[in-house]
Amino acid sequence: MKKILFVALAIASITSCKKDDATTSEYDTNKKGELSVEFDNIVGSNDLQLNTGSYTNSSSETYTVTTLKYFVSNFVLTRVDGTVYTVPQDSSYFLIDESDVNRHEALLRIPEGEYKTLSFGLGVDSLRNTMDVSMRTGDLDPTGAASGMYWTWNSGYINFKIEGTAPAAGMMGYMYHTGGFGGKTSPTANNYRTITL
């Protein structure tokens with residue numbers, strides 16, 4: 001296939017934590033609330049449907065999507081007054097998996113406030129890629145949640161994975177995997193990207 005028009009990330013739900021008392025603009029940074037950042041995967045203007053949806057790319061080739069997984073990480077929020085809150089790194093890595101309804105969102109604990117921007121990384125940064133395996137737990141555990149999202153042969157996470165079928169790809173289908181960090185044997189370009197909304 002020449003090109004695959006693939007899924008775009010869309011933030012479907014962003015809420016802010018607002019102080020109930022409107023008499024003051026001061027916020028208690030010790031008070032925290034939950035922020036749910038939901039990822040709704042789409043193709044063009046349609047919701048992505050694994051295994052059943054049929055799509056056409058810019059070369060008029062049809063394809064289906066059987067797998068879509070990616071990491072989001074390193075969330076940073078900016079308040080309307082310009083102050084910045086960085087989610088602690090150990091609480092800032094999430095594996096989004098289109099096939100699992102419980103993995104369509106990142107749930108963050110943030111201080112109360114009114115926020116104007118949200119930034120996050122698409123992928124796993126090179127620093128976390130090189131940390132000791134004891135520091136790569138939860139969604140980053142290559143033997144657990146991140147199984148199939150880690151290149152053991154090159155010591156690095158797969159930041160974004162999309163797979164499927166297409167007549168132009170033949171019986172094997174297509175696979176598109178991007179990694180954020182190549183190991184010592186084969187360093188690669190850093191494909192980690194920061195997205196700001």
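**Exercise 1. Place V43 in the fold and decide whether V43 is buried or exposed.**

Solution. Start with the secondary structure: V43 is found in strand β3 (residues 42-43), where strands (E, at least two residues) and helices (H or I, at least four) are DSSP runs numbered from the N terminus. Next take the accessibility: V43 has a relative accessibility of 6% and counts as buried, given that buried means under 20% relative accessible area, exposed over 50% and partly exposed in between, with a 1.4 Å probe and protein chains only. Finally, V43 can be set against T56, which is 13 residues away in sequence and 9.3 Å away in space, C-alpha to C-alpha.

The structure is a predicted model, in which local features need pLDDT of at least 70 and side-chain atom pairs count only at pLDDT 80 or more, while totals for chains, interfaces and linings use all residues. Residues are numbered from 1 along each chain as its sequence is written, and side-chain values use heavy atoms, with hydrogens and water left out.

**Exercise 2. Find which element of the protein chain has the lowest mean pLDDT and which the highest.**

Solution. Begin with the whole chain, whose mean pLDDT (the predictor's confidence in each residue, from 0 to 100) is 82, with 79% of its residues reaching 70 or more. Among the elements, strand β1 (residues 11-13) has the lowest mean, 35, and β8 has the highest, 97. Then look at residues 1-25, over which pLDDT stays under 50. Where pLDDT is low, the predicted coordinates should not be read in detail.

**Exercise 3. Work out how many salt bridges the model has, and which parts of the chain they join.**

Solution. A salt bridge requires a side-chain nitrogen of Lys or Arg within 4 Å of a carboxyl oxygen of Asp or Glu, and by this rule there are three.

- D97 pairs with K69, their closest N and O atoms being 4.0 Å apart. Because D97 lies in strand β8 (residues 93-97) and K69 in strand β6 (residues 62-79), this bridge ties together parts that are 28 residues apart in sequence. D97 itself is buried, at 10% relative accessible area.
- D90 pairs with R128 at 3.0 Å between the closest N and O atoms. Since D90 lies in the loop between β7 (84-86) and β8, and R128 in helix α1 (residues 126-130), the parts tied together are 38 residues apart in sequence. D90 is exposed at 61%, whereas R128 is buried at 3%.
- R103 pairs with D139, with 2.9 Å between the closest N and O atoms. This pair links the loop between β8 and β9 (105-111), which holds R103, to the loop between α1 and β11 (150-151), which holds D139, across 36 residues.

**Exercise 4. Describe the ring pairs that F39 makes with Y70 and with F120.**

Solution. Rings of Phe, Tyr and Trp (its six-membered ring) pair if their centres lie within 6.5 Å, and planes under 30 degrees apart count as stacked, over 60 as edge-to-face and the rest as tilted; the count comes to nine aromatic pairs. The rings of F39 and Y70 have centres 6.3 Å apart and planes at 75 degrees, so this pair is edge-to-face. F39 lies in strand β2 (residues 32-39) and Y70 in strand β6, so the parts tied together are 31 residues apart in sequence. F39 is buried, with a relative accessible area of 1%. For F39 and F120 the centres are 5.5 Å apart and the planes at 85 degrees, so this pair too is edge-to-face. Ring pairs link F39, Y70, F75, F94, F120 and F160 into a cluster.

Notes:
Contact means heavy atoms within 4.5 Å.
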